[in-house]
Structures are given as structure tokens and as C-alpha cells.
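Please look over the model shown here before reading the questions and answers on its chains.

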Amino acid sequence: MNLQSRKNALRYFFTKVVEPMGFKFTPDADLVEFVLEQEVALQSKHGSPFCPCQPLRNERARDMQMVCPCIAFHRRQFDLMKRCWCGLFVHQGVVDPALLPQSLPREVGLE
Amino acid sequence: MKKVTAYTLSTCPWCRKTKQFFAERQIPFTFIDYDLSDEATQQEILLEVDAAGATGFPVVRIDDEVIAGYQPERYALALGLSGGIQ
């Protein structure tokens, strides 16, 4: 399977998973293409499409919580941010993802 | 001049933006890609990431201030850049 086919497969699978959680792909098409490409590479190297913005720690239970889409494992934080950490997914009501912060103030207590 | 260190991943789009932020403004900085580092360096980076309470990368240290995530406004503030992030 070539790169584009693998990206399409991830896109199809991810859509089925994130939509019931109230998320969608970011409208930033360039970001989507870049992140999916990184995830295809991470899947080839590590066996799963890990988040390209979080560190693998060689702790299986913890690392598996970073397999994309990792929304379920960071639900409260991502709901407040209205996006996931890498920005591949945003809340369904988001029109302009550029207005969203990547992280929350520490006083929120979720980081 | 303040010392700027960015902890990053080679696969992370926000880490690329972070590097671009400092490079475009000709602000001297060093960066370490976690995924391309040896195990000992990775452990040191994880200490910084966890201390910052960050979910992921980038994590930027500007002198003693540690900033989790791509936050150009906070980088500018920490560096005392006049005109903010313009």
C-alpha cells in the first residue's frame, strides 16, 4: 500500500472514531496532510500511528494512550482546548483552528 | 541575551513552527529532537517535559521560564520582544 493509500485508510478510520466524540479533522488541510504522513511513518516504525507530537517512553501502557486518535485519554483537556494536542482534530464547531491555543494555562491544572 | 532551548520532535508540526519562530527573528536558540536523541538525553528531556506538565512537544525553556506548547505570544513576552510577535 502506498503512502497516499495509507493516509486515506487512517483518515477513514479516524473519522469513524472521532465524530461520535464531537471532533472532526481540522480544516487546515496542510496540517492534516503533514500529520497523517508522520503517522504513517510512525506506524511503519513502531507498529501503531502514534501522535507525532508526544514522546514515546518505552512504557507500553502509557505509549498506547498516544495512539491516534488519543482523544479518549485526554478528553477533559482536549475539550477545553477544543483541539487535540497535535491539532489534527478540533471540536466540530471550530471554524478557525488558528485561534485555538495548543496548551492551557497551568492554573487550569490539566497539563 | 536570554538562553533559549527548545525540546522538540522531528515529527511534530508545532515543533517546526517553534524553530521557525526563533530562526525568522534571528534569535539564537538550540533545539534537541527527542526522537533523534540517545536514551540518556531522552530521560533528561522527559524530566523537563514532565516538570512543565506538558502533554507533548514543543517545550521551550527561555532562561528559567519553561513554556509548554507552541505559544508565540509567550515566547515574545519572555524574550521582551518589542512589538510582540509581529
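The questions below take up confidence, then the fold of chain A, then a unit in chain B.

This is a predicted model, in which local features need pLDDT of at least 70 and side-chain atom pairs count only at pLDDT 80 or more, whereas totals for chains, interfaces and linings use all residues. Residues are numbered from 1 along each chain as its sequence is written, and chains are lettered from A and ligands numbered from 1 in the order in which they are written.

Q: What is the mean pLDDT of chain A?
A: The predictor's confidence in each residue, pLDDT, runs from 0 to 100. In chain A, 94% of the residues reach 70 or more, and the mean is 92.

Q: In what order do the elements of chain A run from the N terminus on?
A: Helices (H or I, at least four residues) and strands (E, at least two) are DSSP runs, numbered from the N terminus. Chain A has 4 helices and 2 strands, and their order is α-β-α-α-α-β.

Q: What share of the residues of chain A counts as buried?
A: A residue is buried if 20 or more other C-beta atoms, placed from the backbone, lie within 10 Å of its own. Of the 111 residues of chain A, the buried share is 32%.

Q: Which residue in β2(B) stands opposite Tyr7(B)?
A: Strands β1 (residues 4-8) and β2 (residues 30-33) of chain B run parallel and are joined by 4 bridges, where pairing requires that DSSP finds at least two. Opposite Tyr7(B), in β2(B), stands Ile32(B).

Terms used. Buried ≥ 20, exposed ≤ 12 C-beta atoms within 10 Å, placed from the backbone.
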